[in-house]
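User: I would like to learn how to read a model like this one, feature by feature. Could you walk me through it?

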Amino acid sequence: MGADFEPYRLRCELRGHEEDVRGICICGDSSIATGSRDKTVRFWRVDETEKSRYTLSKTMVGHNSFVGPLAWIPANERFPEGGIVSGGMDTYVFVWDLSTAQAIQTMKGHQLQVTGVTLDDQGDILSSSIDCTVRRWRNGDTVESWPAHQAPIQAILKLPSGEVATGSTDTTVKLWRGSKCLHTFIGHTDTVRGLGVMPNVGILSASHDGSIRLWALSGEPLVEMVGHTSLVYCVAAHSSGVIASGSEDRYTKLWRDAACVQSIEHPGCVWDVKFLPNGDLVTACSDGVIRIWTTDADRMAGTPELDAFEAQLSFYKSNTKTVGGIKVSELPGLDALQQPGTKNGQTKVIREGDTGVAYSWNSADYKWDKIGEIVDGPDDLQGRKKLDGVAYDYVFDVDIEDGEPIRKLPYNRGDNPYFVAEQWLLKEGLPLTYKEQIVQFILKNTGQANVALDYSFADPYTGANAYMPGQPSSFTSGPPEKYNFKYIPKRGMLYFDTAQFDGILRKIAEFNNAMASDEGQRLLSLNDAESMRLNAIVAILKDTSHYHTSAFADTDMNILIKMLTSWPVQMLFPVFDVVKMMIYHPHGANLFVNCLQSGNDILMDTFRRATAAPALAANQLTSIRAVVNAFRQTCFRTWLVHHRSEILDLFSECCSSSNKNIRLSYSTLILNYTVLLIDSKDEDGQQQVLSAAMELGDAQEHDVDVRFRALVAIGSLMLDGLVKHQAIQLDVKSIAESAKSSKEAKIAEVGADIEHLIKSV
């Protein structure tokens with residue numbers, strides 16, 4: 001924390017909205033206006049009897065959908081008490097007179113949600129919209145409108161210099177003088193969601209890419225701030241130089257000199273942040289509460305209010321935290337242990353505080369034995385999946401075509417699969433002709449049936465409907481000139497690019513504490529300095545947006561080597577998870593390779609220990625994923641080729657594992673080796689991989705994804721490799737015929753690809 005930075009503490013809470021608070025507007029020196037999903041605009045004044053608190057003064061009702069952006073009209077002859085401009089999901093812009101709390105103007109012109117409103121120096125209202133336009137309003141009428149971006153506009157900001165800035169889903173910020181674009185600021189890699197003024201410097205932008213950027217008015221990028229773990233929705237700055245940002249990750253972060261100096265946790269995502277002139281900070285949260293934070297001890301909340309806020313956080317986390325796919329709040333309490341077990345070894349998970357603890361029934365002693373705290377480990381895929389900080393019932397890996405990265409498709413039970421498919425294809429920039437294929441993919445993988453086809457969608461760019469099988473078509477096509485392979489050859493490689501870092505650190509800490517308390521293992525445990533450095537390593541690994549520039553200390557490898565070489569084998573799996581992500585990190589990978597080249601092949605030595613019979617499933621899973629990630633780094637290619645035979649032998653038992661995640665990881669290893677060995681024209685290696693792939697591809701009971709990756713490996717080796725005849729001799733024909741008869745479309749299609757290769761011999 002900076003030496004000249006005083007941390008913010010809660011001042012007060014403003015309660016009145018019934019749903020998410022989406023927008024904040026500072027009105028004059030101290031008053032506040034807020035807009036909410038509850039369709040209202042509310043106006044708050046300082047409580048005259050207790051200056052540290054606020055009281056609700058006016059509630060304005062008129063929008064028929066949620067209200068987001070707001071702008072302040074200072075008091076004048078027309079508005080004796082000032083006015084408020086609001087924009088809503090209903091496409092309207094309202095002007096409110098605070099004297100009466102009534103709308104005196106209702107402006108209709110935008111075709112989609114209004115995302116931003118502001119006033120220029122002449123008193124005109126400017127509004128931005130998802131319809132990609134900016135409109136200028138004067139006396140309730142549109143006097144100018146222009147297409148400011150080619151994608152939805154998410155924010156508009158009036159600068160002290162008189163220019164206006166806009167931020168868009170197209171990832172850019174544009175600077176305008178009137179309807180003339182002066183500069184386009186390029187740098188973000190995802191939607192620009194929020195804008196703010198950095199006094200006397202330039203423009204701040206908040207993005208779904210997780211970063212906040214500071215720009216000079218010339219368009220030059222000055223600073224990038226990264227620290228949020230999810231979408232960043234808003235940003236604001238105070239004249240003191242402090243910057244605030246709010247995110248889907250539930251934190252408001254305070255920044256000074258590009259460094260995060262404080263993180264304030266909220267019981268929900270933070271939709272908006274604004275500074276009062278006195279430096280106090282206002283935040284809008286999805287729990288429907290506006291909170292004001294201060295550095296002034298005289299205005300800080302008392303102990304009861306602080307305790308109440310901590311209780312809100314605890315309640316939120318306990319009601320959203322899951323272990324083993326079950327909400328902690330839904331687990332039974334300790335009184336459930338009063339009931340005897342029904343058989344020896346029966347397990348129960350009990351709620352203790354905000355976590356789950358496992359117990360096992362001991363028939364001999366007739367009691368429940370405590371096993372330990374449950375953490376979401378590598379095999380815990382039962383709960384709702386998260387993507388960009390949002391929880392979904394499903395998050396599918398979608399492999400669109402060879403050479404393209406795996407894409408994430410989120411879906412919730414009850415959603416219209418056609419709408420989800422349309423929106424996802426538009427977001428990913430993919431052809432809408434994939435719509436039916438995506439819909440069928442969703443239906444098959446979520447167990448839905450009898451969903452009627454929906455032909456109503458029109459491409460918003462061309463106005464044309466997407467073609468779907470079964471729909472009358474205005475065109476016909478002749479037979480293809482040549483056979484088009486759908487899934488082979490595989491070009492790109494697959495990796496495991498995420499980790500549950502909090503669970504990993506908890507498990508490492510648990511193991512470390514156990515060794516530290518054991519006289520015989522105390523020297524093997526990490527000391528306090530090493531534990532702190534391990535946390536620093538994980539902090540670097542969490543910051544994925546800076547993998548291209550971040551680096552580890554030279555001593556970091558010593559900590560990992562100590563754990564890999566000396567920790568008991570049953571305690572290695574969380575360490576492998578750290579190694580997996582270190583290898584995924586460019587500098588981390590280089591550190592490992594430098595160690596290997598010095599003659600200390602720590603990885604192979606540890607993998608041999610971890611996979612020796614009887615191998616722990618968690619060790620198999622995490623170690624094989626670490627090897628898979630090595631394929632991402634060019635510096636590891638020589639090591640992978642050199643140890644190919646032993647690596648495949650070490651993990652060969654994974655083919656028949658009862659753990660589907662282990663089988664899927666093993667099939668990914670086979671697929672990556674396929675790509676590597678085809679490229680290096682290694683016939684011996686290709687034969688070994690072919691044998692392993694055919695064993696997977698011939699197993700009917702395996703998961704669809706496991707079988708699919710094995711079949712793609714077989715087909716790729718036959719098409720671009722050197723082992724087509726060997727595959728035929730090993731009876732690949734029966735594998736192809738079996739696959740072709742599968743009810744799973746992609747299995748049948750790759751089976752047809754292999755069958756075509758057989759016939760072409």
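**Reading the features one by one**

Analyst: Gladly, and let us begin with a hairpin: β14 and β15 are joined by 5 residues, and in that turn glycine 162 has a positive phi of about 105°. Keep in mind throughout that this is a predicted model.

User: In what sense do β14 and β15 pair, and over how many bridges?

Analyst: The pairing of β14 with strand β15 (residues 164-168) is antiparallel and runs over 5 bridges. To see the register, look at leucine 157, which stands opposite alanine 165 in β15.

User: Is strand β14 largely enclosed or open?

Analyst: Count the residues under 20% relative accessible area, the cut-off for buried. In β14 (residues 153-158), 5 of the 6 residues are buried, so the strand is largely enclosed by the rest of the structure.

User: Next, the nonpolar core. Which residues have the most contacts inside the largest one?

Analyst: The general idea is to look for buried nonpolar residues joined through side-chain atoms within 4.5 Å. The largest such core here has 100 residues, and Phe592, Phe636 and Leu669 have the most contacts inside it. Helix α13 (residues 660-680) gives the largest share of this core, 10 residues. Apart from it lies another core of 22 residues, including Leu10, Tyr233, Cys269 and Trp271.

User: What does phenylalanine 592 touch?

Analyst: Leaving out residues up to four places away in sequence, phenylalanine 592 touches Met557, Leu560, Leu564, Val579, Met582, Ile583, Ile602, Leu603 and Phe636.

User: How many residues of α13 are buried, and how far apart are its end C-alpha atoms?

Analyst: Of the 21 residues of α13, 17 are buried, so the helix is largely enclosed by the rest of the structure. For the span, use 1.5 Å a residue: the 21 residues should cover 30 Å, and the end C-alpha atoms are 30 Å apart, which agrees.

User: What caps the N-terminal end of α13, and what comes just after the helix?

Analyst: At the N-terminal end the cap is asparagine 659, with a side-chain oxygen 2.8 Å from the backbone nitrogen of asparagine 661. Just after α13 comes lysine 681, with a positive phi of about 55°. Lysine 681 is not a glycine, and its place is the loop between α13 and α14 (683-697). At 62% relative accessibility, lysine 681 counts as exposed.

User: Which other residue, not a glycine, has a positive phi?

Analyst: Look at threonine 91, whose phi is near 80°. Threonine 91 sits in the loop between β7 (83-88) and β8 (92-97) and is buried, with a relative accessible area of 8%.

User: How should I read salt bridges, and how many are there?

Analyst: Side chains of opposite charge can pair when their charged atoms come close. With a cut-off of 4 Å between the side-chain nitrogen and the carboxyl oxygen, the count comes to 34 salt bridges. One of them joins arginine 299 and aspartate 280 at 3.0 Å, N to O. Arginine 299 lies in the loop between β28 (290-294) and α1 (303-320) and aspartate 280 in the loop between β26 (270-275) and β27 (281-285), so the pair ties together parts that are 19 residues apart in sequence. Arginine 299 is partly exposed at 21% relative accessibility, whereas aspartate 280 is buried at 1%.

User: Which helices hold aspartate 502 and lysine 542?

Analyst: Their side chains meet in a salt bridge of 3.1 Å, N to O. Aspartate 502 belongs to helix α4 (residues 501-516) and lysine 542 to helix α5 (residues 528-542), so this pair ties together parts that are 40 residues apart in sequence. Aspartate 502 is partly exposed, at 47%, and lysine 542 is also partly exposed, at 40%.

User: What about a pair within one helix?

Analyst: An α-helix has 3.6 residues a turn, so residues three or four places apart point the same way. Aspartate 577 and lysine 580 are 3 residues apart in helix α7 (residues 573-584), about one helical turn, and their side chains form a salt bridge of 3.4 Å, N to O. Aspartate 577 is buried at 9% relative accessibility, and lysine 580 is buried at 3%.

User: Where are cis peptide bonds found?

Analyst: Check omega. It is about 0° for the cis bond joining isoleucine 488 and proline 489, and near -5° for the cis bond from alanine 613 to proline 614. Proline 489 lies in the loop between α3 (435-445) and α4, while proline 614 lies in the loop between α9 (602-611) and α10 (617-630).

Methods:
Residues numbered from 1 in each chain as written. Predicted model: local features only at pLDDT ≥ 70, side-chain atom pairs only at ≥ 80, totals over all residues. Heavy atoms only, no water. Buried < 20%, exposed > 50% of the residue type's maximum accessible area, 1.4 Å probe, protein only. Helix = DSSP H or I, 4+ residues; strand = E, 2+ residues; numbered from the N terminus. Contact = heavy atoms within 4.5 Å. Expected span 1.5 Å × (residues − 1). Polar contact = N/O pair within 3.5 Å; in protein donor to acceptor, adjacent residues only side chain to side chain. Pairing = 2+ DSSP bridges.
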